[in-house]
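Let's work through a few exercises together, one step at a time. Have the structure open and try each task before you read its solution.

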Amino acid sequence: MVIGATGQIGRPVVDALARDGWEVTAASRGGGRDAGWDEGVRTARLDRADGDALAALVGDGCELVVDVVAYDAGHARQLTSLADRIGSAVVISSVSVYEDGAGRGFDTQGEPDGFPVYPVPVPETQPTVAPGEATYSTRKAALEAELLAAGDEFPVTVLRPGAVHGPYSPLPRELYFVKRNLDGRKRRVLAYRGESRFHPSSTRTIAELVRLAAARPGSRVLNACDPEAPTAAGIGAAVDAVMGAAARTVWLDGPPEDSVGRTPWSVPLPVVCDMSAARRELGYRPVVSYADSLPETVEWLAGCVRGRDWREAFPLLARAYPDLFDYAAEDAWCAA
């Protein structure tokens with residue numbers, strides 16, 4: 001059973017497991033009527049917050065549960081309470097749980113000297129933030145702690161993706177470059193000279209790791225990132241190549257100046273994750289490069305914003321980056 005099956009990660013996960021021969025129940029709030037899966041995939045309605053509904057759907061037993069929307073300790077307890085009826089699980093967490101050992105993490109980025117100084121690359125043994133209910137990162141840490149406490153009684157693979165990308169994303173970072181090209185912008189500004197690296201995770205990469213973990217149940221935590229971590233400038237060049245565009249890039253040596261130069265990847269220090277554990281424990285091999293995964297994402301994004309306000313199409317992205325397309329500010333800065 002895949003929980004959250006119609007979302008960005010859930011769709012390729014369902015496809016990967018079905019191709020591997022699993023009999024898949026695709027569970028989602030809407031029931032997945034329009035997902036376009038083969039007849040062999042069963043669909044079901046599920047409100048993730050409803051523990052009784054989850055238990056009823058698991059029924060007498062389920063060999064594998066993949067939970068792509070689990071968020072906190074409460075969701076973890078819902079799963080562990082069904083441990084006697086679930087063979088194993090794969091649960092999606094986030095690299096945002098990592099702390100640098102000096103109390104800095106994703107939650108301190110906005111503070112003076114608050115950006116975490118991670119090793120390059122970050123292994124799964126890196127310290128994590130304290131579990132709690134205050135933030136996304138602490139909730140994900142609480143989710144992990146609760147699941148892993150079950151030990152061998154409930155084999156769970158916890159996957160930590162980075163900047164997730166692919167069609168059906170509610171927070172598509174690539175729109176930063178795609179929309180500028182669609183709008184005919186011939187110039188863009190990138191902070192930190194475009195050298196920021198925030199490790200991306202293709203949904204196809206995540207789906208492959210789920211597929212491999214499903215075949216090798218165990219209690220483990222694994223990073224779930226792409227084979228490479230391109231710079232922000234490299235991502236822009238890759239999007240340009242897909243779209244046949246040729247924008248000129250203006251560099252900011254340091255951080256963004258208000259909205260100017262700010263991208264969804266703009267970090268002052270690298271966030272790059274180690275994938276050697278996945279290779280060692282699951283036999284993982286890369287299935288797609290960042291550049292090769294882009295065409296379907298670009299096509300989907302272009303269709304979503306064609307003739308439509310981007311903030312209406314992607315309200316979550318608009319809340320996170322309200323000034324993502326402040327062209328007037330960019331033009332004024334370049335003219336100064």
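**Exercise 1: two helices side by side**

Helix α3 (residues 73–80) and helix α4 (residues 136–148) pack with their axes 7 Å apart, at an angle of about 25°. Keep in mind that this is a predicted model. Your task: work out how α3 and α4 are oriented to each other, and which residues make the contact.

*Solution.* Start with the angle, which is about 25°. Angles under 35 degrees count as roughly parallel, so α3 and α4 are roughly parallel to each other. Next, look at the handedness: α3 passes α4 in a right-handed crossing. On the α3 side, the contact is made by Ala73, Ala76, Arg77, Leu79 and Thr80. From α4 come Arg139, Ala142, Leu143, Glu146 and Leu147. Finally, sort the contact of α3 with α4 by class: you get six nonpolar, one polar and three charged residues.

**Exercise 2: check a helix's length**

Helix α7 covers residues 232–243. Your task: find what span α7 should have, and compare that with the distance between its end C-alpha atoms.

*Solution.* Take the twelve residues of α7 at 1.5 Å a residue. The expected span is 1.5 Å times one less than the number of residues, so α7 should span 16 Å. Its end C-alpha atoms are 17 Å apart, which agrees. Just past the end of α7, glycine 244 takes a positive phi of about 65°.

**Exercise 3: what α7 packs against**

Your task: list the buried residues of α7, then describe how α7 meets α5.

*Solution.* The buried residues in α7 are Ala232, Ile235, Gly236, Ala238, Val239 and Asp240. They pack against α5 (175–182), β8 (187–190) and α9 (290–305). Now zoom in on α5 and α7: their axes are 9 Å apart, and the packing angle is about 45°. α5 and α7 are therefore oblique to each other, and α5 passes α7 in a right-handed crossing. The contact uses Phe177, Val178, Asn181 and Leu182 of α5, together with Ala232, Ile235, Gly236, Val239, Asp240 and Met243 of α7. By class, the contact of α5 with α7 has seven nonpolar, two polar and one charged residues.

**Exercise 4: a serine in a strand**

Your task: decide whether serine 202 is buried or exposed, and find what serine 202 touches.

*Solution.* First, place serine 202: look in strand β9 (residues 200–202). Its relative accessible area is 3%. Buried means under 20%, so serine 202 is buried. Leaving out residues up to four places away in sequence, serine 202 touches His165, Asp226, Val288 and Ser293.

Note on methods: Residues are numbered from 1 along each chain as its sequence is written. This is a predicted model: local features need pLDDT of at least 70, side-chain atom pairs count only at pLDDT 80 or more; totals for chains, interfaces and linings use all residues. Side-chain values use heavy atoms; hydrogens and water are left out. Helices (H or I, at least four residues) and strands (E, at least two) are DSSP runs, numbered from the N terminus. Buried means under 20% relative accessible area, exposed over 50%, partly exposed in between (1.4 Å probe, protein chains only). Contact means heavy atoms within 4.5 Å. Axes are lines fitted to C-alpha atoms, for helices over the stretch in contact, and angles run from 0 to 180 degrees between N-to-C directions. Angles under 35 degrees count as roughly parallel, over 145 as roughly antiparallel, 65 to 115 as roughly perpendicular and the rest as oblique. A crossing is left-handed if the near helix is turned anticlockwise from the far one by less than a right angle, and right-handed if clockwise. Ala, Val, Leu, Ile, Met, Phe, Trp, Tyr, Cys and Pro count as nonpolar, Asp, Glu, Lys and Arg as charged, and the others, Gly among them, as polar.
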